[in-house]
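I opened the file to check how far the fold can be trusted, then went through one helix and the aromatic rings. My notes follow in the order I looked things up.

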Amino acid sequence: MKYSGTGKIIGFIVLLFLLIGCKSKQEPKTLLVYCAAVVKPALEEIAEVYYHKTGVQLDLQYGGSGTLLANIRIAKQGDLYLSADASYMKQAITYNLVEQSKPIVAIAPVLAVRSNNPKKIKAVSDVCKTGIRFGVANPEAASVGAVTKKLLQESGNWEAVKKCIYVQMPTVSDVANAIKLNTIDAGVIWNVTANQYKEIDIVKVDDFNTYKDYTSIAVLKWSKQPNEALKFTNFLLSDSNSINVFKKLGYKMY
């Protein structure tokens with residue numbers, strides 16, 4: 001069978017469209033999510049569930065809320081921002097990065113120690129005792145660090161305590177893991193983070209007793225797929241699979 005020149009061109013075009021169609025099917029949609037470390041355990045599991053349910057992948061970029069916000073302002077790309085506390089989301093709105101946000105889970109800072117409190121730490125002032133290694137998340141990078149500084153300033157303890165800081169770390173997860181591994185004796189972390197470590201106990205202190213906040217999520221203004229980002233937001237907040245993951249890991253929905 002012979003083909004004319006026109007027939008060959010038409011055949012080539014059809015083949016090209018078929019190849020493009022096959023390629024698009026092989027490349028699943030991906031959402032870039034800037035995610036505060038406090039919800040990392042839940043988001044990792046929820047991302048897996050969401051992929052199996054929808055075929056949409058989540059590229060989860062973890063870090064301190066302040067670090068993530070700075071990265072977003074520089075990169076000007078991505079789909080979603082998930083902050084650890086409301087203050088960083090308010091900054092995102094001020095910087096015109098997002099229009100509005102939705103709360104996810106309730107959080108509060110706590111003074112955390114190793115299980116059974118071997119160093120007998122009972123108050124914030126005890127972290128300055130000889131031999132106590134006290135760690136905090138960097139106030140300039142992580143939400144829990146900024147809150148720690150703010151609350152200790154309000155209670156009049158910051159000037160004394162900051163001289164006793166043994167190490168500053170990038171995220172709340174780093175502080176919690178350091179307590180778990182016994183490389184520090186105490187640190188300030190989120191209560192929901194403490195719930196996930198059998199090696200960690202909480203010491204109730206007046207400095208943190210009344211403070212409560214919440215994590216939140218928002219679609220970034222330059223998202224190229226805002227509808228997909230909003231679909232995931234709704235899944236995160238409302239789907240029973242997502243809610244069950246949060247509950248299982250000790251989070252309380254806001």
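I began with the weak stretch of this predicted model. Over residues 11-16 the pLDDT stays under 50. I looked for contacts from residues 11-16 beyond four places in sequence and the model has zero. I then took the confidence of the whole protein chain: the average pLDDT is 92, and 89% of the residues score at least 70.

Next, the overall make-up. I listed 10 helices and 11 strands in the protein chain. Of its 254 residues, 46% count as buried. The accessible surface comes to about 13,500 Å², and carbon and sulfur atoms hold 53% of that area. I also sorted the contacts between residues at least 6 apart in sequence; 78% of these join residues at least 24 apart.

I picked helix α2 for a closer look. Does its length come out as expected or not, at 1.5 Å a residue? The 15 residues of α2 (residues 40-54) should span 21 Å, and the end C-alpha atoms lie 20 Å apart, so the two values agree.

Which residues of α2 are buried? I found Ala-42, Leu-43, Ile-46, Ala-47 and Tyr-50. Viewed down the axis of α2, the buried residues fall within an arc of 130°, so they line one face of the helix. I then asked what covers them. The cover includes strands β1 (30-36), β2 (57-63) and β3 (80-83), along with helices α9 (226-238) and α10 (240-248). Just after α2, I noted that Gly-55 has a positive phi of about 85°.

Last, the rings. My count of aromatic pairs is four. In one of them, Tyr-50 and Phe-232 have ring centres 5.0 Å apart and planes at 75°; an angle over 60 degrees counts as edge-to-face, so this pair is edge-to-face. The pair links distant parts of the chain, with Tyr-50 in helix α2 and Phe-232 in helix α9, 182 residues apart. Both Tyr-50 and Phe-232 are buried.

I also recorded Phe-246 with Tyr-251, an edge-to-face pair at 5.5 Å centre to centre and 85° between the planes. Phe-246 and Tyr-251 are both buried. Finally, I traced a cluster in which ring pairs link Tyr-50, Phe-232 and Phe-235. Tyr-50 thus appears twice in my notes: on the list of buried residues in α2, and in this ring cluster.

Technical notes: Residues are numbered from 1 along each chain as its sequence is written. This is a predicted model: local features need pLDDT of at least 70, side-chain atom pairs count only at pLDDT 80 or more; totals for chains, interfaces and linings use all residues. Side-chain values use heavy atoms; hydrogens and water are left out. Helices (H or I, at least four residues) and strands (E, at least two) are DSSP runs, numbered from the N terminus. The expected span of a helix is 1.5 Å times one less than its number of residues. Buried means under 20% relative accessible area, exposed over 50%, partly exposed in between (1.4 Å probe, protein chains only). The arc is that of the directions from the helix axis to the C-beta atoms. Contact means heavy atoms within 4.5 Å. pLDDT is the predictor's confidence in each residue, from 0 to 100. Accessible areas come from the Shrake-Rupley method with a 1.4 Å probe; for residues, only the protein chains shown count as cover. Rings of Phe, Tyr and Trp (its six-membered ring) pair if their centres lie within 6.5 Å; planes under 30 degrees apart count as stacked, over 60 as edge-to-face and the rest as tilted.
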